[in-house]
Amino acid sequence: MQYDLGHYSAYSKSFLLKKYNDLNHAKTIKKMIRNEMSFFGKKILIIGGSRGIGFLVTQFLCLAGSKVISTYRMNLQELKKFKTKLKIKSLKIKKLDVNSNSDINFFFKNNTKFDYLFYFPTIKIKKNNSEKFNNVYYDELIEIYIKKLNLVIKKLDNKKIKIFIPSTH
């Protein structure tokens, strides 16, 4: 799926690998990547790379030979386990909470040049636990998600960066 974000272009693609949390599938992942787009040697930022699809993409791209910075807000353990167990030297792990503008500003003081950005953050919204998920809550979540993405994009130096954003469409 192609997106247009001002001077930026974005592309999303789905990945599926059974038992992706099982780190013994490195050979299978490497074989699958050879049939995908070439990410070898590319500098990649994965925001929200410590869980779920972000963690899966982190594994794929590290094994594809990319230079990856994968961020986490709270879940450092899985990234460390992956890096240590498979001896991944091209993976840098950094803390980034996109819910905090000061965190975003601090992170991007020294990290601005990337070939690709994968955006999988977990956005926090203060919500009464007794409330049910509804359209108003969803609209608020999407608005914050896009605002934070725009703030991140403004911090990047590369105007030709490719941005991957998950989509349900």
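In which sense do strand β3 and strand β4 pair, and over how many bridges? In this predicted model, strand β3, which spans residues 43-47, pairs with β4 in the parallel sense, and 4 bridges connect the two. One place to see the pairing is at Ile44, whose bridge partner in β4 is Val68. Between these two strands the chain passes through helix α2, made of residues 52-63, and the β-α-β crossover that takes it from β3 to β4 is right-handed.

Strand β4 itself covers residues 67-72, and it is mostly covered, with 5 of its 6 residues buried. Besides its pairing with β3, β4 is joined by 5 bridges to strand β5, residues 91-95, and these two strands run parallel. Here Ser70 can serve as a point of reference, since it stands opposite Ile93 in β5. To travel from β4 to β5 the chain goes through helix α3, which holds residues 77-85, and this β-α-β crossover is right-handed.

Turning from the strands to the surface, the reader can look for a nonpolar patch formed by Tyr138, Ile142 and Ile146, which together have about 240 Å² of accessible area. Ile146, one of the residues in this patch, lies in helix α5, which runs over residues 135-155. The relative accessible area of Ile146 is 38%, and because this value falls between the limits of 20% for buried and 50% for exposed, Ile146 is described as partly exposed.

Terms used:
Residues numbered from 1 in each chain as written. Predicted model: local features only at pLDDT ≥ 70, side-chain atom pairs only at ≥ 80, totals over all residues. Heavy atoms only, no water. Patch = residues over 30% accessible without salt bridge, like charges linked within 9 Å, V, L, I, M, F, W, Y side chains within 5 Å. Areas by Shrake-Rupley, 256 points an atom, 1.4 Å probe, with all protein chains shown as cover. Salt bridge = Lys/Arg side-chain N within 4 Å of Asp/Glu carboxyl O. Buried < 20%, exposed > 50% of the residue type's maximum accessible area, 1.4 Å probe, protein only. Pairing = 2+ DSSP bridges. Right-handed = clockwise from strand over helix to strand, strands pointing away.
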